[in-house]
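Reader: I would love a close look at the empty space inside one protein and at what surrounds it. Could you walk me through it?

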Amino acid sequence: MDSVHEIAITGQNLPAKYIYTDSINPSQDPSIPLPLLEIPVIDFNRLATPSIGTGEELERLRSALSSYGCVMVTNHRVMVTNHGVESSLMDRVRLVFKQFLALPMEERLKCQKEADGFEGFGSDMMVTKDVPVVHDFSARLRLTTWPEDKRQMKYWPEQPHDFREVLDEYSSKLLVLHDATLGAMARSLSLDDDDSAFLNAVREGGSISARFNFYPPCPTPDRALGLKPHSDGTVITYLLQDGEVEGLQVLKDEQWFRVPIVPDALVLHVGDHLEIMSNGEFKSPVHRVVLNPERQRMSVVIASFPEEGIQIEPLEGLVSGEKPRLYRQVKYSVVDQVGYYWSGTRVTDDARI
Ligand SMILES: O=C(O)CCC(=O)C(=O)O
Ligand SMILES: [Fe+2]
């Protein structure tokens, strides 16, 4: 049984496990809305087409990822380079998830996650069962999309009838964009001779998965969170936001900022493992999701992960006399990542020299 969804449907009071005893914005006046983040926009066409000023756009990318850790990739620019993720496809992705959420409980339960598993629909696995932590008021449908032979089709919804087809199309478009982005990121750090420096970490034994996040309306939004503050334990994360309901916030210079809704843009986050591989040149942003008292919200994430058990460390080309190595080698492990999340810590802190 998915308890978050049940609570939302029956409208019962929020159980104590979701409630923060202090307001989630203790140092801020809740009547004053947080400022909007002026998130840098990257022209993907320029990044991918050397003849039209790649250098300048690469520098914009580098500088945005080192100060913000996130950028927006706008749709129409992406389309020009045939990495096309059309707005109509983004709308279909949002729609099939909304339709999935509206299905009768028995139908949704067909994709239910097992208690100690990763894939499927439900609340995330907890590793530290004995430690009292506040739970997230959200549920997720998590599905591996790449490599295709790792897909666990039993968790892929059969309803709505086009769910699988839409996710297949969206994830293959995002795979192209993902690879192109990692190549551009390597070039922006002058790793010219090896465009695939970052990509290798994912392509050799790594994986890509989709997370469909669902946040029900919450009667006490100042006492609960959709997702607690975290940085992503990924290589990179692409986020398709709800087209109407805001909720994502990013921490910058110790202040929370709201991420604006730009319906046809994707938000790209640097993941912790990319921060380590880039020797801290790119920063993995801390973010959280706040809830809305009246409206539900959803988001769809496509994220890439290193191979289980692989050692992650700064790329050789990024360590020098002027730029000493900032992180030791760390072994990538899914279970460790879940542990970091629940304990509110980060692999980057553990790895820091
Ligand atoms: O829902 C969102 O906007 C953010 C989701 C997120 O941070 C995540 O899935 O890691
Ligand atoms: Fe995240």
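How much space lies in the largest cavity? Please start there and work outwards.

Author: Happy to! This is a predicted model, in which local features need pLDDT of at least 70 and side-chain atom pairs count only at pLDDT 80 or more, while totals for chains, interfaces and linings use all residues. Residues are numbered from 1 along each chain as written, chains are lettered from A and ligands numbered from 1 in written order, and side-chain values use heavy atoms, without hydrogens or water.

The largest cavity holds about 120 Å³ of space. A cavity here is a set of points, on a 1 Å grid over the protein atoms alone, where a 1.4 Å probe fits but cannot get out, and its lining residues have an atom within 4 Å of a point. The volume is the space filled by probe spheres on those points, joined across faces, edges and corners.

Around the largest cavity there are 16 lining residues, and Asn 213, Leu 227, Leu 239, His 287 and Val 301 are the ones nearest its centre. Five strands (DSSP E runs of at least two residues, numbered from the N terminus) each bring at least two residues to this lining: β5, β6, β7, β11 (287–289) and β12 (297–305). By class, six of the lining residues are nonpolar, six are polar and four are charged. Nonpolar covers Ala, Val, Leu, Ile, Met, Phe, Trp, Tyr, Cys and Pro; charged covers Asp, Glu, Lys and Arg; the others, Gly among them, are polar.

His 287 takes us on to ligand 1, since this histidine also belongs to the five residues that come nearest the ligand, together with Arg 211, Tyr 215, Arg 297 and Ser 299. In total, 14 residues surround ligand 1, each with a heavy atom within 4 Å of the ligand. Three side chains bring an N or O atom towards an oxygen of the ligand, within the 3.5 Å cut-off for a polar contact between N or O atoms. For Ser 299 the distance is 2.6 Å, and for Tyr 215 it is 2.7 Å. Arg 140 places a side-chain N or O atom 3.2 Å from a ligand oxygen.

Two of the strands from the cavity, β5 (207–215) and β6 (227–230), reappear in the largest pocket, where they, β4 (139–146) and helix α10 (334–343; a helix is a DSSP H or I run of at least four residues) each supply at least two lining residues. Helix α10 contributes the most, with six residues. A pocket differs from a cavity in being an open set of points, with protein on both sides within 12 Å along at least five of seven lines. The largest one encloses about 900 Å³. It has 40 lining residues, with Arg 142, Phe 305, Tyr 332, Val 334 and Gln 337 closest to its centre. Its lining splits into 13 nonpolar, 14 polar and 13 charged residues.

Back to the closed spaces: counting those of 30 Å³ or more gives two cavities. The second largest has a volume of about 30 Å³. Its lining is made up of Met 72, Arg 94, Gln 241, Pro 260, Val 262, Pro 263, Ala 265 and Val 267. Six of these residues are nonpolar, one is polar and one is charged. In the largest cavity, by contrast, six nonpolar residues share the lining with six polar and four charged ones.

Definitions and conventions:
Polar contact = N/O pair within 3.5 Å; in protein donor to acceptor, adjacent residues only side chain to side chain.
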